[in-house]
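Hi everyone, thanks for making time for this. Let me put the structure up, and then we can walk through it together.

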Amino acid sequence: MPLRLRPNDPTFYDLFTESANHLVDGSRILAELLGSTAGTGLSNSHQIAAQMKDAEHAADETTHSIIRRVNSTFVTPFDREDIYRLASDLDDVMDFMEEAVDTIHLFNLEKLPEEIAEQIEVLQRAAQLTAETMPRLRTMKDLAEYWIEINRLENTGDAVHRRLIAKLFSGEYEALTVMKLKTVVDLLEAAIDAFEHVANTVEQIAVKES
């Protein structure tokens, strides 16, 4: 078996944890806008959209820090391509969440289906799990429960998404409102799917390093 160098540099693990914590912040902002106010007026969407934009910018800075670090490091803790992929997957989650909030603001949506709160619950749980898991990349231990639970959450998200689409096309909403709300619902579903990509990458890393 070839010798594999595993540097004891904590920087990458710290940066991945920081990136995941940005997702916790983003899902909290989503809950403030979508979860706690679902079904009611969204008079503060401009302010919350600005908060989300700031959170997305902070996440981008962390992603850039990861890329700069990998480009300047001779020996990385695991494959460079996997580091790039994990950083990109985490960034995708934040991008979809920020786009959902911005879309609500730009479309001037005043009310949202109450079921959207279920999508937000899935995102919050996935974000918290991811933040708890990133430090364990250092030891590569106890990671399987992460991708198993994320897969379960993604299946839950799919079921919620199907119910929401059915409600949107039930005749309860005007056609233009259906188009606007479907855009938001689809973006939140994309954010949930992006968490599964994170989990898949973590699983690939764990298999390679085992």
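Let's begin with aspartate 142, which counts as exposed because its relative accessibility is 56%. Please keep in mind that this is a predicted model. You'll find aspartate 142 in the loop between α4 and α5. What is its phi? Near 55 degrees, so to speak on the positive side, in a residue other than glycine. For background, most residues other than glycine have a negative phi.

Now please move to another loop, the one between α3 and α4, where asparagine 108 lies. Asparagine 108 is not a glycine, yet its phi is positive, about 55 degrees. Is asparagine 108 buried or exposed? With 61% relative accessibility, over the 50% cut-off, asparagine 108 counts as exposed.

From the loops, let's go to the nonpolar core. The largest one has 65 residues. Which elements give two or more residues to this core? They are α1 (11-35), α2 (45-71), α3 (80-106), α4 (116-133), α5 (144-168) and α6 (175-209). The element that gives the most is α6, with 15 residues.

If you'd like some residues to click on, those with the most contacts inside this core are Phe16, Leu86, Met97, Leu123, Leu137 and Val202.

Let's zoom in on Phe16. Which residues is phenylalanine 16 in contact with, leaving aside its neighbours within four places in sequence? The list is Ile66, Phe78, Ile83, Leu86, Ala87, Leu90, Met134 and Leu137. Leu86 and Leu137 are on that contact list, and they also appear among the core residues with the most contacts.

That's my tour, and I'm happy to rotate the view for anyone.

Note on methods: Residues are numbered from 1 along each chain as its sequence is written. This is a predicted model: local features need pLDDT of at least 70, side-chain atom pairs count only at pLDDT 80 or more; totals for chains, interfaces and linings use all residues. Side-chain values use heavy atoms; hydrogens and water are left out. A nonpolar core is a set of buried Ala, Val, Leu, Ile, Met, Phe, Trp, Tyr and Cys residues joined through side-chain atoms within 4.5 Å. Buried means under 20% relative accessible area, exposed over 50%, partly exposed in between (1.4 Å probe, protein chains only). Helices (H or I, at least four residues) and strands (E, at least two) are DSSP runs, numbered from the N terminus. Contact means heavy atoms within 4.5 Å.
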